[in-house]
Amino acid sequence: FQTALYTGGGDSSSVTFGGNSDLQLDWLWVKRRDSADNSKVFDTSRGIGSGSEPYLTTVSTEQEQSYGYLTSVNSDGFTWDTTDSSVGASGNTYVAWGWKANGGTETHSQTETGTSLACSTQANSTALFSITTYTGTGTAGDKITHGLGVVPQFHITKRRSGTENWLVYHHKNTAAPETDHLLLDTTDATSDSDTRFNDTAPTSTLITYGNNAVCNGDASTYVNYAFAEVQGFSK
């Protein structure tokens, strides 16, 4: 993981991370700092640098949109091809957060069968971070793989094919966090609902969902970002 503070340079401008080792990112989260503007989220599982890559907006229920923001992910940063004010307009100031998963390459997958949802995961087994894309069925108790090899302590889910909230699980949220949830894009307090995580705690291999459209609508597509702690690295 690395953070970059940068000033927008317009078309064909590159951003380089300044850490003590190169970082070829898989998840990019960008926010303008000097004025109000929506954040943008990209990842290599959904596609970056395609000329019309999909993005999501963390402060909105908006479904996934596509636009040609990024030219490429580089060995230690990324290159914009845009003058859009939210990510790269000349003279504006921004912050970019980048996480490394597995270079856009799948590490785990499963097909739709029984309670298993069709999904594809790229996981970083050292940093304990993963990205999973999947398709819902609308059946309570459905599960995706997360690829971490340990129990995820924090994960975020967003519906891509429709307008829904960003669903958040955190192991310290309440005494029984699998029964409760937070929403990243609202100011709402914690809510209790078995339709989100089916009142089922994540395991070292699986995340379980209920039958709510926010996480498991029939034929809807989703992305999940999952984390577990690594002593001296993440908390």
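The questions and answers below concern a predicted model of a protein structure.

Q: How many salt bridges does the structure hold?
A: Side chains of opposite charge can pair when their charged atoms come close. A pair is counted when a side-chain nitrogen of Lys or Arg is within 4 Å of a carboxyl oxygen of Asp or Glu. The number of salt bridges in the structure is seven.

Q: Which residue forms a salt bridge with Asp-37?
A: Asp-37 is partly exposed, at 21% relative accessibility. Its partner also meets the side chain of Asp-34 in a salt bridge of 2.7 Å, N to O. For Asp-37, the closest N and O atoms are 3.4 Å apart, and the partner is Arg-32.

Q: Is Arg-32 buried or exposed?
A: A residue counts as buried under 20% relative accessible area and as exposed over 50%. Asp-34, which shares a salt bridge with Arg-32, has a relative accessible area of 40% and is therefore partly exposed. The value for Arg-32 is 15%, so Arg-32 is buried.

Q: How many residues apart in sequence are the parts that Arg-160 and Glu-64 tie together?
A: Arg-160 and Glu-64 form a salt bridge whose closest N and O atoms are 2.8 Å apart. Arg-160 lies in the loop between β14 and β15, while Glu-64 lies in the loop between β5 and β6. Because the two residues sit in these two loops, the pair ties together parts whose separation in sequence is 96 residues.

Q: Which residues are joined into one network by salt bridges that share partners?
A: Two members of the network are buried: Arg-160 has a relative accessible area of 17%, and Glu-64 has 18%. Salt bridges with shared partners connect these two with further residues. The network consists of Asp-43, Arg-46, Glu-64 and Arg-160.

Q: Which side chain of opposite charge is nearest to the buried residue Asp-26?
A: Asp-26 is found in the loop between β2 and β3. A polar atom of its side chain lies 2.7 Å from the backbone nitrogen of Ala-101, and the side chain also reaches the backbone nitrogen of Gly-104 at 2.9 Å. The nearest side chain of opposite charge is 5.3 Å away, whereas a salt bridge must be within 4 Å, so Asp-26 has none. That nearest residue is Lys-100.

Q: Which side chain is joined to that of Asp-185 by a polar contact of 2.7 Å?
A: Asp-185, in the loop between β16 and β17, is buried and has no salt bridge, with Lys-158 as the nearest side chain of opposite charge at 7.3 Å. A polar atom of the Asp-185 side chain lies 2.8 Å from the backbone nitrogen of Trp-166. Beyond its neighbours within four places in sequence, Asp-185 is in contact with residues including Thr-58, Val-59 and Ser-60. The side chain at 2.7 Å is that of Asn-165.

Q: Which strands each supply at least two residues of the largest nonpolar core?
A: The largest nonpolar core has 19 residues, and among those touching the most other members are Tyr-6, Leu-28 and Phe-78. Phe-78 is in contact with Tyr-6, Leu-28 and Leu-70, among others. The strands that each supply at least two residues are β1, β3, β8 and β9.

Q: How many disulfides does the structure hold?
A: A disulfide is a covalent bond between the sulfur atoms of two cysteines. The sulfur of Cys-215 is the nearest cysteine sulfur to that of Cys-119, at 14 Å, whereas a disulfide needs sulfur atoms within 2.5 Å. Cys-119 is buried at 7% relative accessible area, and Cys-215 is buried at 0%. The number of disulfides is zero.

Q: Is Ala-219 buried or exposed?
A: Ala-219 lies in the loop between α2 and β19. Although Ala-219 is not a glycine, its phi is positive, at about 70°. Its relative accessibility is 56%, and exposed means over 50%, so Ala-219 is exposed.

Technical notes:
Residues are numbered from 1 along each chain as its sequence is written. This is a predicted model: local features need pLDDT of at least 70, side-chain atom pairs count only at pLDDT 80 or more; totals for chains, interfaces and linings use all residues. Side-chain values use heavy atoms; hydrogens and water are left out. Helices (H or I, at least four residues) and strands (E, at least two) are DSSP runs, numbered from the N terminus. Buried means under 20% relative accessible area, exposed over 50%, partly exposed in between (1.4 Å probe, protein chains only). Lys and Arg count as positive and Asp and Glu as negative; His and the chain ends are not counted. A polar contact is a pair of N or O atoms within 3.5 Å; within protein, one must be able to donate a hydrogen and the other to accept it, and residues adjacent in sequence count only if both atoms are side-chain atoms. Contact means heavy atoms within 4.5 Å. A nonpolar core is a set of buried Ala, Val, Leu, Ile, Met, Phe, Trp, Tyr and Cys residues joined through side-chain atoms within 4.5 Å.
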